Amino acid sequence: MSRDGEPPVNDGSGAGPRAAGGDGDEDAAFREDVRDALAGLAARLDREHERAAHREAVIDRLHEENQRLRRGELQHLLEPVRTALYRVHDQARRESGRLAAPGAAGPPDPGQTALLLAALADDVADALARLGVERFTVEPGAPYDASRHRPVAVTPVADPLRDGTVTDVRSDGFEQGGKVLRKAEVSVGKLDRGAGGAEPPEPGPSAPEAAGGAVPAGRDGAGRGETMNSGLGTDR
C-alpha cells in the first residue's frame, strides 16, 4: 500500500516476479551442486575402498610369499642336518644288523666299535659345519682357558708345570663366527704339594723350636696343598 492507502501501481518493470524466480533458480542450482558434490564424494570413497581392498590383497600375497620363502630357506638350511642324520641312521642300523645276525662271531671288536663311533661323531660335526658351527678340539697339556674350556674335574698333579693345564678332554667345543657356543669339557690339573718330589722336605726343628719356642715366619706350612691358579674348577 502507498502512503495514501492506495495499492501500489505496477509500473510494468516486472522487478518483483523476476526476483522471486531468481531465488528459486539459485536454490535449484545450489541443490544440484550439493548433489553433484555428494555423488563425487561417494565415488571417491568407492575408489578408496577398492584401493584399500587391493592393498590388503597385495599385503596378504606378499606375506604368504615371504612365509613360503622362509620355509624354503629353513628347509635348505636343514638339508645337511637331514643328510648327516641319514648317514648316522644307516651306519647304526648296519652295525645293529651285523651284531644281531645269526652266527655272529664273538663280541664286537673294540677297535671297530671305536672307529664306528668316531665316524658318527664326524658326520654330526660335518652337518654342524654346513650350518656355520665349527668344532674345536683341545689337546691334553694345553693351558686352561676359561673362555673356551669348562672344567668338569680336577686332577691332582705332582709336576708344577702341569698345574693349570688340561689333563683330559671329555668333549669337544663348538663355535660360530668366533663366538663360543659350547665350551669344551676338560679336566684340569691342580698341583698336589703333598705328592712325593713336589717339594723338598722341611729341615728338622731347631733347638728353640724343639723346646716349644716361637716358630720362625714361613715355617708354619701355611698354604700347603693350595694352587696359585685359584680360578680352576669354576666355569667363568
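R148 and E175 form a salt bridge in this predicted model, with their closest N and O atoms 3.2 Å apart. The pair links distant parts of the chain: R148 belongs to the loop between β1 (134-136) and β2 (149-157), whereas E175 sits in strand β4 (residues 173-176), 27 residues away in sequence. R148 is partly exposed, its relative accessible area being 25%.

**Salt bridges**

Side chains of opposite charge can pair when their charged atoms come close. The structure holds eleven salt bridges, counted with a cut-off of 4 Å between a side-chain nitrogen of Lys or Arg and a carboxyl oxygen of Asp or Glu. One of them joins R87 to D126, whose closest N and O atoms are 3.6 Å apart. Because R87 lies in helix α1 and D126 in helix α2, this pair ties together parts that are 39 residues apart in sequence. Both partners are partly exposed, R87 with a relative accessible area of 30% and D126 with 32%.

A further salt bridge connects the side chains of D168 and R170, at 3.4 Å from N to O. D168 is partly exposed at a relative accessible area of 35%, and R170 is also partly exposed, at 48%. Salt bridges with shared partners, in turn, join R87, D123, D126 and R130 into one network. Within that network, D123 is among the buried residues of α2, whereas D126 is partly exposed.

The three pairs described above are listed here.

| Salt bridge | N to O distance |
|---|---|
| R148 and E175 | 3.2 Å |
| R87 and D126 | 3.6 Å |
| D168 and R170 | 3.4 Å |

**Overall arrangement**

The secondary structure of the protein chain amounts to three helices and six strands. From the N terminus onward, these elements follow the order α-α-β-β-β-β-β-β-α. Of the 236 residues in the protein chain, 15% are buried.

**Helix α1 and its surface patches**

Helix α1 covers residues 15-100. D27 lies in this helix and takes part in a patch of negative charge on the surface, where D23, D25, E26 and D27 gather. With a relative accessible area of 43%, D27 is partly exposed; the value therefore exceeds the 30% that a patch residue must pass.

A nonpolar patch is also present on the surface, formed by F30, V34, L38, L41 and L45. Together these residues have about 490 Å² of accessible area. L45 is located in helix α1, and its relative accessibility of 53% places it in the exposed class, because that class begins over 50%. An α-helix has 3.6 residues a turn, so residues three or four places apart point the same way.

Q91 is likewise a residue of helix α1. In contrast to the exposed L45, Q91 counts as buried, with 16% relative accessibility. The C-alpha atoms of Q91 and L120 are separated by 7.8 Å, although the two residues are 29 positions apart along the chain.

**Helix α2 and the loop that follows**

Helix α2 comprises residues 110-130, a run of 21 residues. Its first and last C-alpha atoms are 31 Å apart, close to the 30 Å expected at 1.5 Å a residue. The buried residues in this helix include L116, L120, D123, A125 and A127. L120 is thus buried, as is Q91 of helix α1, the residue whose C-alpha atom is 7.8 Å from that of L120.

Just after α2, G132 adopts a positive phi of about 90 degrees. G132 is placed in the loop between α2 and β1 and is partly exposed, with a relative accessible area of 29%. Its C-alpha atom is separated by 7.7 Å from the C-alpha atom of G177, a residue 45 positions away along the chain.

**Strand β2**

P151 is part of strand β2. Its relative accessible area of 12% makes P151 buried, because burial is assigned under 20%. P151 and V186 are 35 residues apart in sequence, yet their C-alpha atoms are 5.0 Å apart in space.

Conventions
Residues are numbered from 1 along each chain as its sequence is written. This is a predicted model: local features need pLDDT of at least 70, side-chain atom pairs count only at pLDDT 80 or more; totals for chains, interfaces and linings use all residues. Side-chain values use heavy atoms; hydrogens and water are left out. Patches are made of residues with over 30% relative accessible area and no salt bridge: like charges are joined within 9 Å, nonpolar side chains (Val, Leu, Ile, Met, Phe, Trp, Tyr) within 5 Å. Accessible areas come from the Shrake-Rupley method with a 1.4 Å probe; for residues, only the protein chains shown count as cover. Lys and Arg count as positive and Asp and Glu as negative; His and the chain ends are not counted. The place of a charge is taken as NZ of Lys, CZ of Arg, CG of Asp or CD of Glu. Helices (H or I, at least four residues) and strands (E, at least two) are DSSP runs, numbered from the N terminus. Buried means under 20% relative accessible area, exposed over 50%, partly exposed in between (1.4 Å probe, protein chains only). The expected span of a helix is 1.5 Å times one less than its number of residues.
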